[in-house]
Amino acid sequence: MAAETGRVVAAFSRRFIVETADGLLPCQVKGRHLRVVCGDRVELQRDGDSGVIEAVLPRSSLLYRSDAFKTKAIAANVTQLAVVVAPRPSFSMELVQRCILAAEDQGIPSLLILNKTDLPETPRAIERLQRLTRIGYPLVTLSALTDVAPLRPALHGRTTLLIGQSGMGKSTLINALFPDADVLTAEYSEALDSGRHTTTHTRLHRLDADTAVIDSPGLQEFALQHLDANALAYAFVDFRPFLGHCRFRDCKHETEPGCRLLEAAAAGEIEPKRLQLFQMLRRLQKNAAQRL
């Protein structure tokens, strides 16, 4: 039989659902070494009412995270990352920035979504996000429980990966955009100031022929061990005008004289906390590498 092509619209560990010309088809992977993620375009062979994925077609992007021991691929062929945050429970600015850095490494533009804007902590949340909006990352504010219309123009014509900590309201957002999705939602814990995982797998939902949204499980960490020093620095978009202009070609951007990043931070051309984040991430990477 001739191989068919399709797109992976749901990933459950080693089981997948593939969208083909004839509809949705449950599939498994041929062999143990073929890595398949939601959003992949694949070649498959039918086997009765199911199929076997035999090859992954070339990807335009692959968003993934990695620590010193393993790599976790999240989604492929994404054209936009949307990081969902909320005024309550509190969100980690470091985690938000780590997600965006991974997207920048893949050439994927990022969008910030502030959900639950009916909460009184909203002005403080907007103030915290200014670290990123000031350097050009767009922000959409909304309450998924009442109106998701502000988000629709930002999604149109793109394949957007929704990512964020548990409790930010991603599942409520998906249910508002796709009423037939019926995604499980849960209340967050006031005592722990955190949410609970309700999404257990990655799934692609279509708004129209040109627009898709990929929902992903809630995050509590996002390691960037796969980025070397140069790739990490370049992922900071606000650093780019200064990179390559330090006095020393192998500048570590720590204490070296003539470091353009240090000078830019001192002059207010880049925010000092962004440079501190870069330095902290580099130290974590080096420490992890030394433990291997």
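A residue counts as buried when its relative accessible area is under 20%, as exposed when that area is over 50%, and as partly exposed in between (1.4 Å probe, protein chains only). On that scale, buried residues make up 48% of the 292 residues in this protein. The model is a predicted one, so to speak of local features takes a pLDDT of at least 70, side-chain atom pairs count only at pLDDT 80 or more, and totals for chains, interfaces and linings use all residues. Residues are numbered from 1 along each chain as its sequence is written, and side-chain values use heavy atoms, with hydrogens and water left out.

Overall, the fold has seven helices and 13 strands, taken as DSSP runs numbered from the N terminus (H or I, at least four residues, for helices; E, at least two, for strands). The C-alpha trace spans about 65 × 45 × 35 Å along its principal axes. Its radius of gyration is 20 Å, which agrees with the value near 19 Å for a compact globule of 292 residues; the rule here is 2.2 Å times the number of residues to the power 0.38, over C-alpha atoms. As for contacts (heavy atoms within 4.5 Å), 65% of those with a separation of 6 or more join residues 24 or more positions apart.

Helix H1 covers residues 93-105 and reaches 18 Å from first to last C-alpha, close to the 18 Å expected at 1.5 Å a residue; that expectation is 1.5 Å times one less than the number of residues. Eleven of the 13 residues of H1 are buried, so the helix is largely enclosed by the rest of the structure. The buried set includes apolar names such as Leu95, Val96 and Ile100, but also Gln97, Arg98 and Glu104. After H1 comes glycine 107, with a positive phi near 70°.

Two strand residues round off the picture. Isoleucine 74 sits in strand S7 (residues 71-76) and is buried, at a relative accessible area of 9%. Valine 37 is 37 residues away from isoleucine 74 in sequence, yet their C-alpha atoms are 6.5 Å apart. Beyond neighbours within four places in sequence, the contacts of isoleucine 74 include Val37, Leu63, Leu161, Ile163 and Phe222.

Histidine 205, in strand S12 (residues 202-208), is buried too, with a relative accessible area of 12%. Leaving out residues up to four places away in sequence, histidine 205 touches Ile174, Phe178, Ala181, Thr211, Ala212, Val213 and Asp215.
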